[in-house]
Amino acid sequence: MANYTVTGIVLDSDLKGERDVEAEVFTLERGKMRMTARGTKKLESTLRGSVEPLTEGLFFLAESRGTDILTEWEAINCHFELKKKPESLAAAGFLARYVTKAVPAGSPDQRLYVFVKNILNLLHFSIQHDIIMTVIKWGILLASGQAPEMDVCAECGSGIKNGGAGWSVESGGTVCGACGVGSRMMPGAMSFGTGARTAAKGLLEIEIESGEKAAAHAAAISTLEKAGTRAAAEFSSALGRFCDYHLYDGMSKLEMRAR
Ligand SMILES: [Zn+2]
């Protein structure tokens, strides 16, 4: 049986039998896949830590008739700083659950991988929860090519200035004054939407190897925070409904606040 190497982020792991752990991993090369780490409960096992959720590593695998077997690994990032922050952990958990539930197994998605990696790096910083959740949802929409329209009316196609009049889940984004009867949104929320879009777009485009660029995006996100908590919360919930409707029914149920 052949051996191979993948780069991946652990999404979830379960005990398999008494000493083995089966992990679900989002890999760059093969998309979402499962792997078994044997004997990880032993103190001397070199595989300890490899299958902790959110760990990013280089995984050496041996093909097997069941799930492939993890033989060795090298840590890329264990995200200890992130795990110390409950709100960051909640946001990372949301992203991990999204990939677990909504991304099909075995289909690589490099853009989404880069995005997940960058978000995890960003979550080492203390970023306001509503804002990072909005950036995450926006990034997922962009990665899947389903981002809502923000600059033109989703109903009639006319240009929108100063934020438009509303937000229509069914028509797919911002709607103008003439079309936007019923679904109102705060004016401040729109400028936040533009900022979230810009930040998420940047996070999708960073090269895999350039980890330090993620720090620059922390600064971009801190400028978003000036949009205000209320606008952020309103925009985030509008975006959540959009995601439920267009992307993954029940996406908003994946969201759990840490406190
Ligand atoms: Zn219109």
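1. Strand β4 (residues 56-62) pairs with β5 in the antiparallel sense, and seven bridges connect the two. The model is a predicted one. Within this pairing, F59 has W73 as its bridge partner in β5.

2. The connection between β4 and β5 is a hairpin of five residues.

3. Strand β5 (residues 68-77) also pairs with strand β3 (residues 31-37); these two run parallel and are joined by three bridges. Here T36 has I69 of β5 as its bridge partner. Strand β5 thus has an antiparallel pairing with β4 and a parallel pairing with β3.

4. On side chains in the strands, one general remark applies. In a regular strand, side chains alternate between the two faces of the sheet.

5. Turning to the helices, α3 (residues 110-122) packs with α4 (residues 129-143) at an angle of about 165°, and their axes are 9 Å apart. An angle over 145 degrees counts as roughly antiparallel, and α3 and α4 are therefore roughly antiparallel to each other. The crossing of α3 past α4 is right-handed.

6. From α3, the residues that make the contact are R111, L112, F115 and I119; from α4, they are I136, G139 and A143. By class, the residues of this contact of α3 with α4 comprise five nonpolar, one polar and one charged.

Terms used:
Residues numbered from 1 in each chain as written. Predicted model: local features only at pLDDT ≥ 70, side-chain atom pairs only at ≥ 80, totals over all residues. Pairing = 2+ DSSP bridges. Helix = DSSP H or I, 4+ residues; strand = E, 2+ residues; numbered from the N terminus. Axes fitted to C-alpha atoms, helices over the stretch in contact; angles between N-to-C directions. Parallel < 35°, antiparallel > 145°, perpendicular 65-115°, else oblique. Left-handed = near helix turned anticlockwise from the far one by under 90°. Contact = placed C-beta atoms within 7 Å. Nonpolar A, V, L, I, M, F, W, Y, C, P; charged D, E, K, R; others polar.
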